[in-house]
Amino acid sequence: MYKVDIKKKRYDILCNLDFVKSSGIVYDEKNKRLVFITQTKSPKIYEISLKDNRLKLLYDTGIGNCDGITMDKKGYFYSGSWQTGNLYRFSIKEGARGNTPIISGLVTTVYSYIDSDNQTIAIPC
């Protein structure tokens, strides 16, 4: 994962992710971290601490082919699955009980954006 300095037009490696491809990333300002979901058959949610650049596994979704990730003000993460056509809500604190389908029957569920103030999620179709 790269850290890009726009003003200086240069980049540094923030964290080496050779073992996996990222499929969406969100900045968690409160916890000073980046959170991303992997692009694999069984996606996992990881964090990179911006304090020390450490990588930590947060959650194994157990749901196939998730793509994109977003986070609301309460700390819930949302991602869609190409495999199921569902948009899911994940709670890291609730563990496996946190896999909550929000809506199903979507043709595409990738690259979502959340407006926490209005409790609205936008998904391109």
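**Exercise 1.** With which residue does R54 form a salt bridge, and how far apart are the closest N and O atoms?

*Solution.* The model is predicted. In it, the partner of R54 is D52, and the closest N and O atoms of this pair are 3.6 Å apart. This separation satisfies the criterion, because a salt bridge requires a side-chain nitrogen of Lys or Arg within 4 Å of a carboxyl oxygen of Asp or Glu. Next, consider accessibility: R54 has a relative accessible area of 60% and is therefore exposed, whereas D52, at 43%, is partly exposed.

**Exercise 2.** Determine whether the residues of the salt bridge between E47 and R33 are buried or exposed, and locate them in the chain.

*Solution.* Begin with the contact itself: the closest N and O atoms of E47 and R33 lie 2.7 Å apart. E47 belongs to strand 5 (residues 44–49) and R33 to strand 4 (residues 33–38), so that the pair links distant parts of the chain, 14 residues apart. The threshold for buried is under 20% relative accessible area. E47 has 13% and is therefore buried; R33, also at 13%, is buried as well. Finally, the pair belongs to a network of salt bridges that links D28, R33 and E47.

**Exercise 3.** Which parts of the chain does the salt bridge between K44 and D60 tie together?

*Solution.* The closest N and O atoms of K44 and D60 are 3.7 Å apart. Because K44 lies in strand 5 and D60 in strand 6 (residues 55–60), the pair ties together parts 16 residues apart in sequence. K44 is partly exposed at 25% relative accessible area, and D60 is partly exposed at 40%.

Notes: Residues are numbered from 1 along each chain as its sequence is written. This is a predicted model: local features need pLDDT of at least 70, side-chain atom pairs count only at pLDDT 80 or more; totals for chains, interfaces and linings use all residues. Side-chain values use heavy atoms; hydrogens and water are left out. Helices (H or I, at least four residues) and strands (E, at least two) are DSSP runs, numbered from the N terminus. Buried means under 20% relative accessible area, exposed over 50%, partly exposed in between (1.4 Å probe, protein chains only).
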